[in-house]
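Reader: I should like to go through this model one residue and one element at a time. Please give the reasoning behind each reply.

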Amino acid sequence: MMLELSDPTAAPTYAPTRFQRFLESLVFDPRDVVFVRLWLKSLLLVAPVIGLTYAYFSWWLAPFVFAFQVAWMAPPVILMLHNTMHRPFFKRWRLMDRVVPYSMSALFGIPTGYMEHHVAMHHMENNLRGDLSSTMRYDRDNFLHWLHYTARFLLLVVFELTAYLVKRGKAPLAIRAVASDLVHLLGMAALCFVHWQATVVCFIVPYVVVRLAMMAGNWGQHAFIDPSRPGDSYVNSITCINAAYNQRCFNDGYHIGHHVKQNRHWTEMPRDFLDNLERYRKEGCIVFRGLDFFFVSLLLWTRQYRFLASRFVRLPGDERSDDEIVALLRFRTRAIADDVPEGVVLNA
């Protein structure tokens, strides 16, 4: 049976207005105009909501502000930033390459050192020992292990990332990451003197929740690792297809393809997956349908291996039973000892 995908394979199209042509003139790739529009939409919608929250604060409205700002608007914005940090974005007004992420960090609580952590560290280390967000040492179906993993990130990431970048001759990146986060924290502290309740709802809660969500997502992305090849992107990452998450968040579910080639455009992810089904099967890739990384993490914490097996995608030629898939998934979530040799396996 042919595998069919429902995930987007093209960027949204817009009427060829003068405004659209202007936006296209700003970016390297016309497909990325969707990101410029999302940035403008975020400013025009979320900033007024925050302003109204300060002007007419009520605890009764706080859940609705959270639902709109963090639960609805933040996920695609985070993945917008993820995509634009991996590929050239603005060809004019290059300062916008900093304005866009910092303004979105301020509105949604996204880490200001996201790029330094993700591109300069995570992709370099590929979830191995040197990766400060590595899941390798933990049982990925143990919620207490995730709590330890997340607490370490929240409490130590500033110090560990600084040390990592300085050690590798990237001190300017370390300074930028630390300084920007300090400004972020000082800004929230100052706003507490203006209206501490509104600041908690609009800035402090997003600052914490977005970090928790990003760590839960990374946990699911790198939950199933082949202990014999922990540095191989085909077997230390997973892919999630045909998920509503991919529709909203620019095919972020194709995490294997992203780690194999980190600057691949999001619209090209589904085709790359279909073109390489045979390799995915031979490599032993973990692919789920109808799930996102956060749901994968939740299912692991509750050890719903049968449900995970029911969403496991059997690639052409794979005739394993559900029991065999469950055994595979359990095996691939076990903690891996620290004596695994370092070094990233480069896939091509």
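Reader: In which helix is Ser105 found?

Author: The model is a predicted one. Within it, the helix that covers residues 96–108 includes Ser105, and this is helix H4.

Reader: Is Ser105 buried or exposed?

Author: Buried means under 20% relative accessible area. The relative accessible area of Ser105 is 2%, so this residue is buried.

Reader: Which backbone oxygen does the side chain of Ser105 reach?

Author: Leaving aside residues up to four places away in sequence, Ser105 touches Ile110, Pro111, Thr112 and His184. At 3.0 Å, the side chain of Ser105 reaches the backbone oxygen of Ile110.

Reader: Which helix gives the most to the largest nonpolar core?

Author: The largest nonpolar core has 65 residues, and Met80, Phe224 and Phe288 have the most contacts inside it. With 11 residues, the helix that gives the most to this core is H3.

Reader: Which residues does Met80 touch, not counting those up to four places away in sequence?

Author: Met80 is among the residues with the most contacts inside the largest nonpolar core. With residues up to four places away in sequence left out, Met80 touches Phe35, Leu38, Trp39, Val100, Met104 and Phe250.

Reader: How far apart are the end C-alpha atoms of H3, and where does H3 bend?

Author: At 1.5 Å a residue, the 25 residues of H3 should span 36 Å; the end C-alpha atoms are 34 Å apart, which agrees. H3 bends by about 55°, with a proline, Pro75, following within four residues, and the bend is at Ala74.

How values were computed:
Residues are numbered from 1 along each chain as its sequence is written. This is a predicted model: local features need pLDDT of at least 70, side-chain atom pairs count only at pLDDT 80 or more; totals for chains, interfaces and linings use all residues. Side-chain values use heavy atoms; hydrogens and water are left out. Helices (H or I, at least four residues) and strands (E, at least two) are DSSP runs, numbered from the N terminus. Buried means under 20% relative accessible area, exposed over 50%, partly exposed in between (1.4 Å probe, protein chains only). Contact means heavy atoms within 4.5 Å. A polar contact is a pair of N or O atoms within 3.5 Å; within protein, one must be able to donate a hydrogen and the other to accept it, and residues adjacent in sequence count only if both atoms are side-chain atoms. A nonpolar core is a set of buried Ala, Val, Leu, Ile, Met, Phe, Trp, Tyr and Cys residues joined through side-chain atoms within 4.5 Å. The expected span of a helix is 1.5 Å times one less than its number of residues. The bend at a residue is the angle between axes fitted to the seven residues ending there and the seven starting there.
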